[in-house]
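Work through the exercises below with the sequence and the 3D view side by side. Try each task before reading its solution.

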Amino acid sequence: TKYRDSPLSPKGVEQAKTLAKQLGDLVDGEAEAHVELSLSFDQRNILNELDLVVVSPLTRAIQTFEIGLLPHIQTRKPSKSSNVGGQIEGLELPVIAHPFASERVYLISDHGKKHSILRDT
């Protein structure tokens, strides 16, 4: 079907790029960058504290992850030892695409692809 597992819309791509910029500002230590992301001052180092990334298997969620978050975590390692999830080349932080991370599951566009298809793309 045409609408099954819809990709990001052009607006969604722009929003993911905005997220990437905001996270970049956070990583660069820009003053008040944490406020743009609705984080407290104590949460400003949140990217350095990640042990695992869980994302919905929906294409638009994976695209948001790839555009918005992945560039900022590719070179860092998890703060704890973990054998969970898949590996992305050049990334030592585990990433899991899990259906329980989906925002909803009642429309045809909200059903992700099978694990074997995600793995091969």
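## Exercise 1: Salt bridges

D25 forms a salt bridge with K21, and the closest N and O atoms of this pair are 2.9 Å apart. Keep in mind throughout that the model is predicted.

Task: Find which residue forms a salt bridge with K17, and describe where the partners of each bridge lie.

Solution. Begin with the pair already named: D25 and K21 both belong to helix 1, where they are 4 residues apart, about one turn of the helix. Next, turn to K17, which forms a salt bridge with E14, the closest N and O atoms being 3.9 Å apart. That value passes the test, because a salt bridge requires the side-chain nitrogen to be within 4 Å of a carboxyl oxygen. K17 and E14 also both lie in helix 1 (residues 10-27), at a spacing of 3 residues, about one turn of the helix. As a final check on the count, the structure holds 2 salt bridges.

## Exercise 2: Buried or exposed

Task: Decide for D25, K21, K17 and E14 whether each is buried, partly exposed or exposed.

Solution. The step needs two cut-offs: a residue is buried under 20% relative accessible area and exposed over 50%, with partly exposed in between. D25 has a relative accessibility of 14%, so D25 counts as buried, whereas its partner K21, with a relative accessible area of 52%, is exposed. In the other bridge, K17 is partly exposed at 45%, and E14 is partly exposed at 47%. Now apply the cut-offs to another residue of helix 1, namely Q22, which has a relative accessible area of 17% and is therefore buried. Leaving aside its neighbours within four places in sequence, Q22 is in contact with E36 and L37.

## Exercise 3: The chain and its core

Task: State how many helices and strands the chain has, and then find which element supplies the largest share of the largest nonpolar core.

Solution. Count the elements to begin with: the chain has 4 helices and 3 strands, and from the N terminus on they run α-α-β-α-β-β-α. Then consider burial along the chain, where buried residues make up 33% of the 121 residues. The largest nonpolar core has 17 residues, and those with the most contacts inside it are L23, L26, V53, V55, F65, L69 and I73. At least two residues of this core come from each of helix 1, strand 1 (53-55), helix 3 (59-73) and strand 3 (91-97). Helix 3 supplies the largest share, with 6 residues. To follow one core residue in detail, select V53, which, leaving aside its neighbours within four places in sequence, is in contact with F65, L69, I73, L93, P94, V95 and I96. For the chain as a whole, residues 24 or more positions apart account for 64% of the contacts with a separation of 6 or more.

## Exercise 4: Positive phi in loops

Task: Find in which loops E32 and S38 lie, and compare their phi values with the general rule.

Solution. Start from the rule, which is that most residues other than glycine have a negative phi. E32 has a positive phi of about 70° although it is not a glycine, and S38 has a positive phi near 60°, again in a residue other than glycine. Now locate them: E32 lies in the loop between helix 1 and helix 2 (33-36), while S38 is found in the loop between helix 2 and strand 1. In terms of accessibility, E32 is exposed at 51%, and S38 is exposed at 67%.

## Exercise 5: A loop residue and a ring

Task: Name the residues that A101 contacts beyond its sequence neighbours, and find which residue lies over the face of F41.

Solution. A101 lies in the loop between strand 3 and helix 4 (115-120), and at 34% relative accessibility A101 is partly exposed. Leaving aside neighbours within four places in sequence, A101 is in contact with V54, V55 and S56. The C-alpha atoms of A101 and A61, which are 40 residues apart along the chain, are separated by 9.4 Å. For the ring, R44 lies over the face of F41, at 3.6 Å from the ring centre. Aromatic pairs, by contrast, number 0 in the structure.

Notes: Residues are numbered from 1 along each chain as its sequence is written. This is a predicted model: local features need pLDDT of at least 70, side-chain atom pairs count only at pLDDT 80 or more; totals for chains, interfaces and linings use all residues. Side-chain values use heavy atoms; hydrogens and water are left out. Rings of Phe, Tyr and Trp (its six-membered ring) pair if their centres lie within 6.5 Å; planes under 30 degrees apart count as stacked, over 60 as edge-to-face and the rest as tilted. A charge sits over a ring if NZ of Lys or CZ of Arg is within 6 Å of the ring centre and within 35 degrees of the ring normal. Buried means under 20% relative accessible area, exposed over 50%, partly exposed in between (1.4 Å probe, protein chains only). Contact means heavy atoms within 4.5 Å. A nonpolar core is a set of buried Ala, Val, Leu, Ile, Met, Phe, Trp, Tyr and Cys residues joined through side-chain atoms within 4.5 Å.
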